[in-house]
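Colleague: Please pick one part of this model and take me through it closely, strand by strand where you can. After that, I'd like to hear how the rest of the assembly fits around the chain that holds it.

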Amino acid sequence: MSGPELKEELAVATPAAPPGAATAVAAGPVPRARGRGEVLYFARRNRKLVAGLAVVAGFLVVAAVGPLLTDHGPNDYVGPPSQPPSADFWFGTTTFGQDVFAQFTHGLRSTFLVGVLGGGLAGLIGMLIGFTAGYRGGVVDEVLNMLTNVVLVIPTLAVLLIVAAYLRVRGVVPEAIFIGLTSWPWVARAVRAQTFSLRTRDFVDLARLSGAGGRAIIVREIAPNMSSYLLMSGILLFGGAVLLAATLDFIGLGPTSGISLGLMMNNAVLWSALQLGMWWWFVPPGLGITAIVGSLYIMNVGLDEVFNPKLRKL
Amino acid sequence: MRQYFQRKLGIYVLTFFVAVTIDWMIPRFMPGDPVQTMLSRASLRPEAAQSMQAYLNSVFGLDMPLWRQYLNFWGGLLRGDLGISVWLFPQPVTGVILRAVPYTLALLVPATLLSWWAGNKFGALAARRKWLDNTVLPLGYVLTATPYMWLAILLAWLFGSVTGWFPLSGGYSFSLAPAWSLEFAGSLFWHWFLPFLSLFLVAFGGWAIGMRNMVIYELEADYAHYLESLGAPRRLVRRYAFRNALLPQLTGLALQLGVLVAGALVTEIVFSYPGLGYLVLQAVNNQDFFLLQGVFLFIVIGVLAANFLIDIVYVVIDPRTRTGMRGDTA
Amino acid sequence: MSPVTLKVDNLQVWYRTLRGDVQALDGVSFTVGDGELVGLAGESGCGKSTLGKSLIRLDGRMRHVGGTVELDGKELPIGDSERMNGFRFKEVSIIPQYAMSAMNPTRRIGRMVAELLESRGVRFEGQLEELLRRLELVGLDPEVLERYPIELSGGMKQRMVMVISTLLNPSLLVADEVTSALDVSNQKAVAEALVDFRDRHYVKSTIIITHDLSLVYQIADSIIVMYAGKLAEKAPTDTLVHAPRHPYTRMLIGALPEVGVRYDTKRLEGIPGSPPSLLDPPKGCRFRDRCPLAFDKCAEEPPFREVAPDHAVACWKAF
């Protein structure tokens, strides 16, 4: 595959990722960074990366520490109903007297769990299929490519809808797994395109001549050369999984026990928080998701600038 | 070009086949007996429950061999029979869905097209003006990271609940009966506006960012540098870059369809807008699996059809597909 | 010598990087005569491409630090892209390294040429006849104007770009690595077309940038050898090949098996050692560390000085 075609493939493949944000990585395979030191040097100086990382880390701390600050569960009826934020209940209470802060911090945990698990699984499947298709080529590629295209076109949420509806008991982990199983195709396409271009390079030929097997070549020669791209894809997958889980939870197909940010919004709408003006019920969960996912996207722009010398501002 | 369409159609047919198969498989291969599951979870009057059980038994035909069940399923599908709604028993699912589809399309189509158009315009502008870049870009990232339902909730709260400028729920005023009158049309529009705006805004952010990045990338392309070396004015170079950047944006549109539909569903739920999203919510709350499966198939068909439309547009604006010089773009 | 088309005087162009300025072109002076075809050779990174680009369009990171360029007696405002636009295409033109991807992939070639010409205030209809004649000259069917770039082979694209770039009869043509992406037969065709264009006065003077000395040996009137951002030697082709004075040129020639017999893929990198960093170039002769003849005097920078008519060298041993 020649240069321009490869570019086309990537440009085409990436917007499938969480909306728009992904096109930044469409600029083709990023040349291997010239050393750890240089990457770190630019990383520390990149404001987008540092700011994004700080926000995400902040929420991570809240998710880790927050639940320890309350001695009740997120769904316990602990206070007077419908209270606005106060010293006792920092984020107020729901119509049923549940502590919104407790729900929020526990919900953050689910969000991170879904992101890591769902995004991670999707990344693994995408890489497995992309590397195999790109490296093996031929019939294997044809079949895997067909599979990828089919899964790419099927509306993910619609499938998750009927799968979740038939599940009697739903948890965060199965939800994450289903999300992972359905949101890998754009990664597979991008990885396949890059593998295509890398597999004919000299260093890969050299490895092949020296008797390395296919798997060893992929792990040791090809994957490291697109590690920065894989990292950025992983971040986009994380964000995508979080948004998808929130959507599913909001429709009422989230975890049957426990709490999530999407479920909080679902409950708020279901119990007329809008009409009652209980903004403290529905603002925090959405704000949390937006802040986390938005920071991740902005981090990605920063990472792109770090890895891709062309984009570095002078 | 023929090969291009054949290939595309092949994928869509295969996808439809896979989707129908999933639709058929899930109730049968999930743990438990689907008939009992449905009956136990649906809260029906006793006489309704009886006719329901008889109906379910005949539909699922679990005593038949699997291949027979599968063929029957396809048979029903091709006759337009998607089963009977539990929530609105005994109305057929197809009819229930067909009544909701116009509302969803009325939200989805304008929001999608307008956000794509406006996003591309703004993105291209942002790529050339520093101050726009510094305002549109962060805003775009925030918008595209916003869950559709949250923006819908905020808009409903601010402009529906707090200020009371717009209605909070429904497709038209409850005091009106559907009619071909100006008053009714106004009511429709009034109820339509906020859900539309919310869908539009989230999608807009993504397109603006995508276009901005693609244009910047295209301006660094070899053909752009060549034109500049030959003294072509900035205007010509930008025109080429914009047009070429539209191609990946168009592919992006095809790939975002599923996300947009999902966005429309949850937006409708927030506003109790009588489209497919509202049906989904009711189906979930009433354990109406036929309705849910029906909505699933409608969404799949809609997305595939839209994909095909986009393919046609793509052929019109990308000459390479016409000349058959491009291999794999799928 | 014939009247001078191009006069480059002490040209300095640097690249801005985060680590500091890379002095890619550090005080380069030479002239190109009317109708002269000059080969510009050197290792990759020696500044030859920077020199080529400097004459027509500085890219975003390049900065014109000092020196002047005169074309037909007028000074080229090479640091000012806006003013430079008036000269581009009409007075000075380029066949870029990336000719394979130089044409907009989504426009028919004819339409792209028309839009380009009109944007420069030249009527396409007025040029069409000439365009068709030149297409025929390089062996392209007029029908290519109706095609998209992707439908052309590499050699065809190269020739198409060559015709476009020279359509307005520029005084100076910079041909940057025009043959490196081509196979041997196409290389020969393109090289011959360059000579042909000069002979037909489509272009007055040509600078051919290449890493392949054996290519320019066949067609160039004179050859400039660059090393580490400076000129090492300039001489008429025969003199440079058979009686080079600079040790670097000698080593380059030595690295070529049977010069002139055939086009060879042998690159110039056959010399041990590597050029110095241009971020903070060493004082004195920059070839010193790789030079077998280096002596004390080389700690001082050698001037680029004429040692015979039309033959200039920057080496203490040569004076």
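Modeller: Happy to; I'll begin with the sheet of chain C, move out through that chain, and end with the contacts between chains.

Please keep in mind that this is a predicted model, in which local features need pLDDT of at least 70, side-chain atom pairs count only at pLDDT 80 or more, and totals for chains, interfaces and linings use all residues. Residues are numbered from 1 along each chain as its sequence is written, while chains are lettered from A and ligands numbered from 1 in the order in which they are written.

Chain C has 9 helices and 12 strands (DSSP runs numbered from the N terminus: H or I of at least four residues for helices, E of at least two for strands). The part I chose is an open sheet of 8 strands with mixed pairing, in the order S6-S7-S8-S3-S9-S10-S12-S11 of chain C; two strands pair if DSSP finds at least two bridges between them. At its edges stand strand S6 (92–95) and strand S11 (305–308) of chain C, each with a single partner strand, so one side of each is left without a neighbour in the sheet. From one strand to the next, the twist averages 25 degrees (axes are lines fitted to C-alpha atoms, for helices over the stretch in contact, and angles run from 0 to 180 degrees between N-to-C directions).

As general background, strands of a sheet pair through backbone hydrogen bonds, either parallel or antiparallel. This sheet offers an example of each. Strand S7 (residues 172–176) and strand S8 (residues 205–210) of chain C run parallel and are joined by 5 bridges; within this pair, C:Leu173 has C:Thr206 of S8(C) as its bridge partner. Helix H5 (residues 154–166) of chain C packs on the sheet, touching S6 and S7 of chain C, and its direction makes about 175 degrees with that of S6(C).

At the other example, S11(C) and strand S12 (residues 311–313) of chain C pair in the antiparallel sense over 3 bridges. Here C:Glu306 is matched with C:Ala312 in S12(C) as its bridge partner. The hairpin of these two strands has 2 residues between them, and C:Asp310 takes a positive phi near 60 degrees there.

A helix residue also reaches S8(C). C:Leu194 lies in helix H6 (residues 184–199) of chain C and touches C:Ala175, C:Thr206, C:Ile208 and C:Ile219, leaving out residues up to four places away in sequence (contact meaning that C-beta atoms, placed from the backbone, lie within 7 Å). With 24 C-beta neighbours inside 10 Å, C:Leu194 counts as buried; the rule is 20 or more other C-beta atoms within 10 Å for buried, 12 or fewer for exposed, and partly exposed in between, with C-beta atoms placed from the backbone.

Stepping back to the whole chain, 47% of the 319 residues of chain C count as buried. Among its contacts between residues at least 6 apart in sequence, 66% join residues at least 24 apart. The C-alpha trace of chain C spans about 65 × 45 × 40 Å along its principal axes.

Now for the neighbours. In the contact between chains B and C, 19 residues of chain B meet 22 residues of chain C. Helix H9 (222–229), helix H10 (234–271) and helix H13 (319–322) of chain B each supply at least two residues of chain B's side, and H9(B) gives the most, with 6 residues. By class, that side has 10 nonpolar, 4 polar and 5 charged residues (nonpolar being Ala, Val, Leu, Ile, Met, Phe, Trp, Tyr, Cys and Pro, charged being Asp, Glu, Lys and Arg, and the others, Gly among them, polar).

Chains A and B also touch: the side of chain A that touches chain B divides into 36 nonpolar, 12 polar and no charged residues. One residue to look at there is B:Val280, which touches A:Leu161, A:Ile251, B:Leu265, B:Leu292 and B:Val295, not counting residues up to four places away in sequence.

Conventions:
Contact = placed C-beta atoms within 7 Å.
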